[in-house]
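Subject: Structure handover

Dear colleague,

Here is the structure I said I would pass on. My notes on it follow below.

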Amino acid sequence: MKRCPLSSGRLATAALALTWVLSSRAVAQNMDRARETISALAGPAMHGRGYVNNGEHLAASYLRSRFAEIGLLPLTPEYTQSFTLPINTFPGRAKLRVDGKLLRPGVDFIAEPSSGPGFLTGHVYQLDTLVFHQEGAQQRLLSIDLRHRVLVLQQPEVARLAQLPAALQAHLRTAAARVTLVPTKLTASLASEQQSQPQVQVLAQRWPEQARRITLRLDAVLQPAYQTQNLVGLLPGRVQPDSFLVVSAHYDHLGRLGQRTYFPGANDNASGTAMLLELAAYYARPENCPAYSLVFIAFGAEEAGLVGSRYFVDHPLVPLSHIRFLVNLDLLGTGEEGATVVNGRIFTQQYQLLTNLNSAGHYLPALAARGRAANSDHYYFSERGVPAFFLYTRGGPTAYHDVHDQATTLPLTGFRGAFGLLRDFLNRLGANSE
Ligand SMILES: [Zn+2]
């Protein structure tokens with residue numbers, strides 16, 4: 001293992017002045033560079049960092065060169081930890097026409113994550129909500145041939161379908177397609193399986209009042225074993241190289257919906273990935289060499305259900321018992337209202353340290369603690385006994401899992417503050433070893 005260029009012994013009085021000059025230039029993140037990182041990752045060339053057009057592979061090669069440029073050491077060839085996952089994808093056409101009106105993919109409609117493929121024209125069949133209460137209505141529905149009709153229902157009704165008799169549920173699945181009308185906002189997601197029925201969600205305000213006929217063309221392809229990867233880089237510690245602090249952020253996102261639409265994922269999670277790179281660049285400077293070893297993990301397949309982080313926990317590249325703390329970064333692009341810390345209520349001592357540092361440095365306007373939540377890549381670590389926080393910023397734009405989560409509109413209000421806070425926090429966790 002290569003050690004830091006500056007050992008603690010060499011940081012003697014004579015060098016202190018020079019160190020001070022160097023570090024006064026190197027205490028901060030580089031906001032221009034962070035913005036460039038976010039624009040690159042969220043740009044059209046990365047195809048939403050998903051499973052169409054090699055989006056996540058393109059993002060991974062971009063990150064490999066950034067890791068190398070920063071000087072992170074690989075633990076595996078090319079920083080890469082490969083794994084596979086099943087994933088449903090929408091690589092081809094995504095076209096929806098209602099009574100002659102063309103709806104826009106991403107903006108007016110999205111595919112259900114587990115939608116099947118389809119190319120069809122059919123008449124609308126609006127679900128009669130009496131089926132949830134009346135056997136007579138259920139009998140009537142069973143007598144209707146749905147095979148050339150498109151079942152249309154309201155979003156709250158989808159969850160209630162599971163309460164219907166199995167025969168009726170099966171009957172509804174014989175409809176040529178299913179359209180769910182969503183009241184407020186379209187929120188895309190990913191699935192590891194594929195239904196036979198094509199299913200889409202349409203923004204309710206875009207749906208014509210008396211819709212009669214729809215034409216849908218949706219190319220859906222289930223990839224049973226798509227190969228993707230985590231990327232892992234290391235900065236060896238100068239005092240205790242066998243103790244690790246981990247900084248993680250997922251770089252994947254939702255990919256594409258058809259040939260013209262992609263999900264940029266600027267806030268989710270180009271922003272956290274940019275922060276990871278800024279922290280790595282900071283600690284890679286000789287004068288900032290950490291006491292503990294720092295591991296930087298850019299996780300893949302988070303959006304598919306925390307697949308990359310679960311794979312790492314099952315196949316750790318550093319012993320989990322040697323990880324002193326993990327900080328996971330996801331959604332760091334806003335911050336008007338400060339940040340939330342998942343597991344802040346579990347690891348109360350570390351949370352106290354974090355809030356003290358935040359007050360002392362005036363970094364973020366507020367911090368809020370939450371309990372456990374399986375909502376990002378920290379989860380499987382803390383479930384296995386690795387102390388971990390997941391930090392996300394709050395306030396500002398609310399774009400999330402949609403086509404509006406773009407680099408150009410991301411304010412990065414709390415980015416500078418979050419950097420200072422994370423740097424101080426990691427420094428203090430590491431300082432306990434000296
Ligand atoms: Zn997400």
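At what angle do helix 9 and helix 11 pack, and how far apart are their axes? Helix 9, residues 348-361, packs on helix 11, residues 415-431, at about 130 degrees, and the two axes are 10 Å apart. Helix 9 is therefore oblique to helix 11, an angle counting as oblique when it falls outside the roughly parallel, antiparallel and perpendicular ranges. The two helices cross in a right-handed sense. On the helix 9 side the contact uses Q350, L353, L354, L357 and N358, and these meet L421, D424, F425, R428 and L429 of helix 11. Sorted by class, this contact holds six nonpolar, two polar and two charged residues.

Before the rest, please keep in mind that this is a predicted model.

Overall build

The protein has eleven helices and 19 strands. Its C-alpha atoms fill a box of roughly 90 × 40 × 35 Å along the principal axes. The radius of gyration is 25 Å, which agrees with the value near 22 Å for a compact globule of 434 residues. Of those 434 residues, 57% are buried. Among contacts with a separation of 6 or more, 84% join residues 24 or more positions apart.

Helix 3 and helix 7

A second helix pair is formed by helix 3 (residues 55-70) and helix 7 (residues 266-283), which pack at an angle of about 20 degrees with their axes 10 Å apart. The two are therefore roughly parallel to each other, since angles under 35 degrees are counted that way. Their crossing is right-handed. Helix 3 contributes L63, R66, F67 and I70 to the contact, while helix 7 contributes T273, L276, L277, A280 and A281. By class, the contact of helix 3 with helix 7 divides into seven nonpolar residues, one polar and one charged.

Helix 7 also contains N269. The peptide bond leading from D268 to N269 is cis, with omega near 0 degrees. You may want to look at that bond in the model.

Helix 8

Which residues of helix 8 are buried? In this helix, residues 307-314, the buried positions are V307, G308, S309, F312 and V313. The elements that cover the buried residues of helix 8 include strand 2 (80-89), strand 11 (221-235), strand 15 (292-299) and helix 10 (379-383).

Two histidines with positive phi

H47 has a phi of about 55 degrees, a positive value although H47 is not a glycine. H47 sits in the loop between helix 2 (31-42) and helix 3. Is H47 buried or exposed? With a relative accessibility of 17%, H47 counts as buried, because the cut-off for buried is under 20%.

H401 is a residue other than glycine that likewise has a positive phi, near 50 degrees. H401 is placed in the loop between strand 19 (388-393) and helix 11, and helix 11 is the partner of helix 9 in the oblique pair described above. The relative accessible area of H401 is 7%, so H401 is buried.

That is the list as it stands. A note on methods will come separately.

Best regards

Conventions:
Residues are numbered from 1 along each chain as its sequence is written. This is a predicted model: local features need pLDDT of at least 70, side-chain atom pairs count only at pLDDT 80 or more; totals for chains, interfaces and linings use all residues. Side-chain values use heavy atoms; hydrogens and water are left out. Axes are lines fitted to C-alpha atoms, for helices over the stretch in contact, and angles run from 0 to 180 degrees between N-to-C directions. Helices (H or I, at least four residues) and strands (E, at least two) are DSSP runs, numbered from the N terminus. Angles under 35 degrees count as roughly parallel, over 145 as roughly antiparallel, 65 to 115 as roughly perpendicular and the rest as oblique. A crossing is left-handed if the near helix is turned anticlockwise from the far one by less than a right angle, and right-handed if clockwise. Contact means heavy atoms within 4.5 Å. Ala, Val, Leu, Ile, Met, Phe, Trp, Tyr, Cys and Pro count as nonpolar, Asp, Glu, Lys and Arg as charged, and the others, Gly among them, as polar. The radius of gyration is taken over C-alpha atoms; the globule rule is 2.2 Å times the number of residues to the power 0.38. Buried means under 20% relative accessible area, exposed over 50%, partly exposed in between (1.4 Å probe, protein chains only).
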